[in-house]
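Visitor: I would like a close look at one part of this model, taken slowly, with its charged side chains and the packing around them. Could you walk me through it in one connected answer?

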Amino acid sequence: MTSSARGTKTVVYQSSLTLSTATLASLGDLLRGHLKKIRSRWRKLPPGRIAAIVLAVLRHDQRLADMAGGNNISATTVRRWVMEVIELLATPAERLDRALKKITRKGGHVVLIDGP
């Protein structure tokens, strides 16, 4: 069993996340549209704030627990939001087999693939 040291206090720190306003607004709008589509009544935080948290995790590899603690939510909620946003961003993407055929038709020989 672990316990905190006597007299310790919770510390919340802030860091700078360099994002364009357009990027944050675009992701917030995408999330707002999704929430309306699935008729989600509410979330713990507004879509713009969720977008900022998700981008902090994806772009700066912030730990889920760190983002959760500083925003008064659970790490599980942050993970669920990250997975939801990844799916939203991937939805309009072209299927891999079609993309590879298109690259081949255009004379491509090497393809670098990143991600899960």
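Guide: Aspartate 66 has a relative accessible area of 34%, and because buried means under 20% and exposed means over 50%, this residue is classed as partly exposed. The model is a predicted one, and in it aspartate 66 sits in helix α3, which covers residues 64-70. Its partner is arginine 63, with which aspartate 66 forms a salt bridge whose closest N and O atoms are 3.4 Å apart. Arginine 63 has a relative accessibility of 52% and therefore counts as exposed. Along the chain, aspartate 66 and valine 78 are twelve residues apart, and their C-alpha atoms are separated by 9.9 Å.

The other charged pairs can be read in the same way. Side chains of opposite charge can pair when their charged atoms come close. With a cut-off of 4 Å between a side-chain nitrogen of Lys or Arg and a carboxyl oxygen of Asp or Glu, the count comes to four salt bridges. One of them joins arginine 32 and aspartate 29, with 2.8 Å from N to O; both residues belong to helix α1, where they lie three residues apart, about one turn of the helix. Arginine 32 is partly exposed at 41% relative accessibility, and aspartate 29, at 49%, is also counted as partly exposed.

Another salt bridge brings together the side chains of glutamate 84 and arginine 43, again with an N to O distance of 2.8 Å. This pair links distant parts of the chain, since glutamate 84 is in helix α4 whereas arginine 43 is in the loop between α1 and α2, 41 residues away. Glutamate 84 has a relative accessible area of 16%, so this residue is buried.

Glutamate 84 also leads to the packing of two helices. Helix α1 (residues 21-37) and helix α4 (residues 75-90) pack at an angle of about 95 degrees, and their axes are 11 Å apart; the two helices are therefore roughly perpendicular to each other. On the α1 side the contact is made by Leu27, Leu30, Leu31 and His34, and on the α4 side by Glu84, Val85, Leu88 and Leu89, so that glutamate 84 takes part in this helix contact as well as in the salt bridge with arginine 43.

Finally, there is a nonpolar patch on the surface, of about 400 Å², made by Leu96, Leu100, Ile103, Val111 and Ile113. Isoleucine 113 is found in the segment that follows α5 (96-105), and at 59% relative accessibility this residue counts as exposed.

Definitions and conventions: Residues are numbered from 1 along each chain as its sequence is written. This is a predicted model: local features need pLDDT of at least 70, side-chain atom pairs count only at pLDDT 80 or more; totals for chains, interfaces and linings use all residues. Side-chain values use heavy atoms; hydrogens and water are left out. Patches are made of residues with over 30% relative accessible area and no salt bridge: like charges are joined within 9 Å, nonpolar side chains (Val, Leu, Ile, Met, Phe, Trp, Tyr) within 5 Å. Accessible areas come from the Shrake-Rupley method with a 1.4 Å probe; for residues, only the protein chains shown count as cover. Helices (H or I, at least four residues) and strands (E, at least two) are DSSP runs, numbered from the N terminus. Buried means under 20% relative accessible area, exposed over 50%, partly exposed in between (1.4 Å probe, protein chains only). Axes are lines fitted to C-alpha atoms, for helices over the stretch in contact, and angles run from 0 to 180 degrees between N-to-C directions. Angles under 35 degrees count as roughly parallel, over 145 as roughly antiparallel, 65 to 115 as roughly perpendicular and the rest as oblique. Contact means heavy atoms within 4.5 Å.
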